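Here is a walk through one protein model, written for someone who is just starting to read structures. Keep the 3D view open and turn it as you go.

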Amino acid sequence: MKSRLCFVGAGGHACANLYPAAIEAGWDIVAISTRHIESAKNAAEKFCPNAILFTDVNKMLNEMEYDAVAVCAQPEAMAELVKQIIPSCPLIFAEKPLGISAHQAEEIAQLATLHNTKGMVGFMKRYAPSYKLVKQAIESNTYGLPLSFQIQFCVHAGAFAPDHASFLNLAGIHLIDLVRYLFGEVTDIQAQLSNVDNGLTQSYSLRCGEIIGSLYFVSASSWTREDEKMIVTFENGFIETSNLHNVKTHRATDSSPFTELAEIDQHYSVTHMPFSGTKRDLYLRGFVGEFMHLKDDKIINEFVDNAKTMQLVEKMLKTNQK
């Protein structure tokens with residue numbers, strides 16, 4: 001079973017989420033490579049004291065025995081790092097965004113195919129339990145075919161995503177990827193945008209074949225906490241998700257609701273207990289799930305799928321400019 005993991009990068013996101021999630025998923029972090037040895041030392045002290053430390057990625061790849069490499073660096077550095085690693089590595093986890101353009105993402109996918117490298121991009125919401133319930137309902141036809149969806153994501157992201165393009169690439173991309181993952185390829189896009197007093201609002205009307213839906217994004221200082229919701233309407237019911245830890249499902253009934261107690265809702269939520277510590281968030285956000293997926297023997301070159309998500313982001317940005 002795959003268990004030996006080399007890590008490239010040890011920044012704030014990697015240390016807050018990826019290192020602990022990988023360890024929780026059963027990976028043994030055997031080496032860390034960073035530009036500055038001090039950051040590697042700090043990460044090793046916290047998570048993996050026996051890891052071998054490097055400041056040269058190629059030296060790490062040549063000297064270590066490993067099953068996979070995880071890469072988490074600044075967005076503008078990700079593509080070149082992953083290109084450098086692909087020829088030597090059979091399996092790669094790359095944090096999003098992988099590529100600052102669709103063209104760059106396509107180049108990485110082609111290079112991985114050429115070298116028979118398998119891997120995935122860190123779209124962790126695919127592995128969040130709330131969205132896994134939605135995916136299962138769609139695939140099992142539990143409530144019939146999906147008819148429409150509404151997705152809302154509000155947050156204060158001005159510090160790292162000050163404009164519409166950076167917000168889509170660095171924050172909204174998770175929900176954009178979910179649209180493709182759950183409902184299929186987007187065939188039509190319409191957009192409305194607003195930028196008032198440093199508050200960004202983006203509203204998209206989308207069509208995925210016969211399914212229609214909307215994406216509503218807000219980045220403003222008024223949203224001091226993150227708010228994320230999804231409603232999916234099916235032929236015979238609906239599902240509502242709220243902030244990754246609450247899901248409500250409803251099945252339609254043929255009975256007259258005013259003559260008997262026929263309405264059926266199910267509510268899924270998370271258990272509250274002190275033993276969860278900081279792990280609960282890692283599970284609910286999908287971080288542990290994505291590193292468990294990295295162990296799957298059926299994993300393929302998912303960089304191809306990443307290129308399609310990047311293509312969709314670019315189409316949405318072009319729609320913004322019309």
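Helix α6, residues 129-140, lies across five strands: β7 (146-155), β11 (227-234), β12, β13 and β14. Its direction is at about 10° to that of β11. Bear in mind that this is a predicted model. Helix α7 (residues 164-183) also lies across strands, in this case β7, β8, β9 (199-208), β10 (211-219) and β11. Helix α7 runs at about 155° to β10.

So what do these helices lie across? Look for an open sheet of eight strands, in the order β8-β9-β10-β7-β11-β12-β13-β14, with mixed pairing. At its edges you'll find β8 (188-196) and β14 (264-269), each pairing on one side only. Neighbouring strands are turned by 10° against each other on average, if you ignore direction. As a bit of background, strands of a sheet pair through backbone hydrogen bonds, either parallel or antiparallel.

Here are two strand pairs to trace on screen.

| Strand pair | Sense | Bridges | A facing pair |
|---|---|---|---|
| β12 (residues 237-242) and β13 (residues 246-251) | antiparallel | six | Thr-241 and Val-247 |
| β1 and β2 | parallel | five | Arg-4 and Asp-28 |

Now zoom in on the loop between β12 and β13. Asn-243 is found there, and so is Leu-244. Most residues other than glycine have a negative phi, and most peptide bonds are trans. Asn-243 has a positive phi, near 50°, and Leu-244 has one near 70°. Which of the words buried, exposed or partly exposed fits Leu-244? Leu-244 is buried, because its relative accessible area is 7% and the cut-off for buried is under 20%. Asn-243 has 23% relative accessibility, so it counts as partly exposed.

There's an unusual peptide bond to find as well. Lys-96 and Pro-97 are joined by a cis peptide bond, with omega at about -10°. You'll see Pro-97 in the loop between β5 and α5.

Next, the pockets. Rolling a probe the size of a water molecule over the atoms shows where empty space is left. What is the volume of the largest pocket? It comes to about 1,200 Å³. The largest pocket is lined by 44 residues, and those closest to its centre are His-13, Cys-72, Ala-73, Gln-74 and Glu-95. At least two lining residues come from each of α1 (12-24), α3 (57-63), α4 (75-85), β7 and α7. By type, the lining has 19 nonpolar, 16 polar and nine charged residues.

The second largest pocket has a volume of about 210 Å³. It has 15 lining residues, and Lys-229, Met-230, Ile-231, Glu-240 and Thr-241 lie nearest its centre. Strands β7, β10, β11, β12 and β13 each give two or more residues to this lining. Its residues split into five nonpolar, seven polar and three charged. You've met Thr-241 already: it is the residue that stands opposite Val-247 in β13.

Helix α4 is a good place to think about what gets covered. Its buried residues are Met-78, Ala-79, Leu-81, Val-82 and Ile-85. An α-helix has 3.6 residues a turn, so residues three or four places apart point the same way. Among the elements that cover the buried residues of α4 are β1 (4-8), α3, β4 (68-71), β5 (91-94) and α5 (102-114). Strand β2 is mostly covered too, with five of its six residues buried.

To finish, try three single residues. Arg-35 sits in the loop between β2 (28-33) and α2 (37-47). Its relative accessible area is 73%, so it is exposed. Along the chain, Arg-35 is 25 residues from Ala-10, and their C-alpha atoms are 9.4 Å apart. Ser-166 belongs to helix α7. It counts as buried because its relative accessibility is 15%. Leaving out residues up to four places away in sequence, Ser-166 touches Ala-161 and Ala-171. Gln-311 is part of helix α10 (residues 303-320). With a relative accessible area of 29%, Gln-311 is partly exposed. Apart from neighbours within four places in sequence, it is in contact with Ala-102 and Glu-106. Gln-311 and Tyr-268 are 43 residues apart along the chain, and 34 Å separates their C-alpha atoms.

How values were computed: Residues are numbered from 1 along each chain as its sequence is written. This is a predicted model: local features need pLDDT of at least 70, side-chain atom pairs count only at pLDDT 80 or more; totals for chains, interfaces and linings use all residues. Side-chain values use heavy atoms; hydrogens and water are left out. Two strands pair if DSSP finds at least two bridges between them. Helices (H or I, at least four residues) and strands (E, at least two) are DSSP runs, numbered from the N terminus. Axes are lines fitted to C-alpha atoms, for helices over the stretch in contact, and angles run from 0 to 180 degrees between N-to-C directions. Contact means heavy atoms within 4.5 Å. Buried means under 20% relative accessible area, exposed over 50%, partly exposed in between (1.4 Å probe, protein chains only). On a 1 Å grid over the protein atoms alone, a cavity is a set of points where a 1.4 Å probe fits but cannot get out, and a pocket is an open set with protein on both sides within 12 Å along at least five of seven lines; lining residues have an atom within 4 Å of a point. Grid points are joined across faces, edges and corners, and a volume is the space filled by probe spheres set on the points. Ala, Val, Leu, Ile, Met, Phe, Trp, Tyr, Cys and Pro count as nonpolar, Asp, Glu, Lys and Arg as charged, and the others, Gly among them, as polar.
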